[in-house]
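Student: I'd like to go through this one with you and ask how each label is earned. Can we start with the ligand?

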Amino acid sequence: MLEYKLSPSVLAADFARLGEEAAAVEAAGAQYLHLDVMDGLFAPSLSIGLPVIRSLRKVSGLVFDVHLMIEEPDRYLADFAAAGADILTVHGEACRHLDRTLDQIHALGCRSGVALNPATPFESLRWVLSKVDMILLMTVNPGFGGQKYVSYMTEKIASLRGWLTEQGYETDIQVDGGITLENAEEVLQAGANILVAGSAIFGKEPQASTRAFLACMERMREGGPA
Ligand code: DX5
Ligand code: ZN
């Protein structure tokens, strides 16, 4: 049975008060904390890295959901695991030997995620599905918070969920980018079960927004949209 989880993305948080921001969403009931790492190559921007994750780990009990938007992430997997990552998500497009990368993530004691950009077909994951704990469908192009949800991603989510079921898998589907209280129901209905939200949570009233997202997920759990 798939579980619904909320993963607030700190990219939209106030970095001068990061500990407090993380504590606020934890107190409001979020389960994960989404940590976006960018290298200026794979993603056209730079964000946070190891020291920030290490510091947050000391003050947060949330599941650390680390989204590596970096080229050849294998180079840093052990460092991110040591810094406190619970889930390590790599981009399929950035890995030359994805099968080996997924083994490495599990050997480090983390759950594995594979992220796919909007244009990337998911069928390339066919032969490694047994090693993938979560598929992250990017619903914007990587690099920045506050972008608009790419509308045709709803069809991709539904199509991925159908395909996974056909293959005999109940893999977590995480959606990331442009997720708001307005489209949360649509993406959950399509088959996503883990929501990332940055600006929709930290942009205003993190606690109230977290509770509103959780309430939306609760309605879905109870049998569909209210
Ligand atoms: C974008 C990042 C996202 C980003 C989402 O490249 O992967 O996690 O923080 O931000 P919003 O929810 O504002 O689109
Ligand atoms: Zn992300």
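Tutor: Sure. In this predicted model, a backbone N or O atom of Gly198 sits 2.8 Å from an oxygen atom of ligand 1.

Student: What makes that Gly198 pair a polar contact?

Tutor: The cut-off is a pair of N or O atoms within 3.5 Å. Gly198 gives 2.8 Å to a ligand oxygen, so the pair qualifies. Gly146 also uses a backbone N or O atom, at 2.8 Å from an oxygen of ligand 1. With His67 the side chain supplies the N or O atom, 3.3 Å from a ligand oxygen, so that pair counts too.

Student: How do you know whether ligand 1 is buried or exposed?

Tutor: Compare areas: ligand 1 alone exposes 380 Å², and the protein buries 99% of that. The space ligand 1 takes is the largest pocket.

Student: What surrounds ligand 1?

Tutor: A shell of 19 residues, with Ser9, Asp36, Asp176, Gly198 and Ser199 the closest. The shell splits into 7 nonpolar, 10 polar and 2 charged residues. Strand 2 (32-38), strand 3 (63-69) and strand 8 (194-197) each supply at least two of them.

Student: And the whole chain, how many helices and strands does it have?

Tutor: It has 8 helices and 8 strands.

Student: Why is the chain called as compact as a globular protein of that length?

Tutor: Its radius of gyration is 16 Å, and the globule rule gives 17 Å for 226 residues; the two are close, so the description holds.

Conventions: Residues numbered from 1 in each chain as written. Chains lettered and ligands numbered in written order. Predicted model: local features only at pLDDT ≥ 70, side-chain atom pairs only at ≥ 80, totals over all residues. Heavy atoms only, no water. Near = heavy atom within 4 Å. Polar contact = N/O pair within 3.5 Å; in protein donor to acceptor, adjacent residues only side chain to side chain. Areas by Shrake-Rupley, 256 points an atom, 1.4 Å probe, with all protein chains shown as cover. 1 Å grid on protein atoms, 1.4 Å probe; cavity = no way out; pocket = protein on both sides within 12 Å on 5 of 7 lines; lining within 4 Å. Sits in = over half its atoms within 2 Å of the grid points. Helix = DSSP H or I, 4+ residues; strand = E, 2+ residues; numbered from the N terminus. Nonpolar A, V, L, I, M, F, W, Y, C, P; charged D, E, K, R; others polar. Rg over C-alpha atoms; globule rule 2.2 N^0.38 Å.
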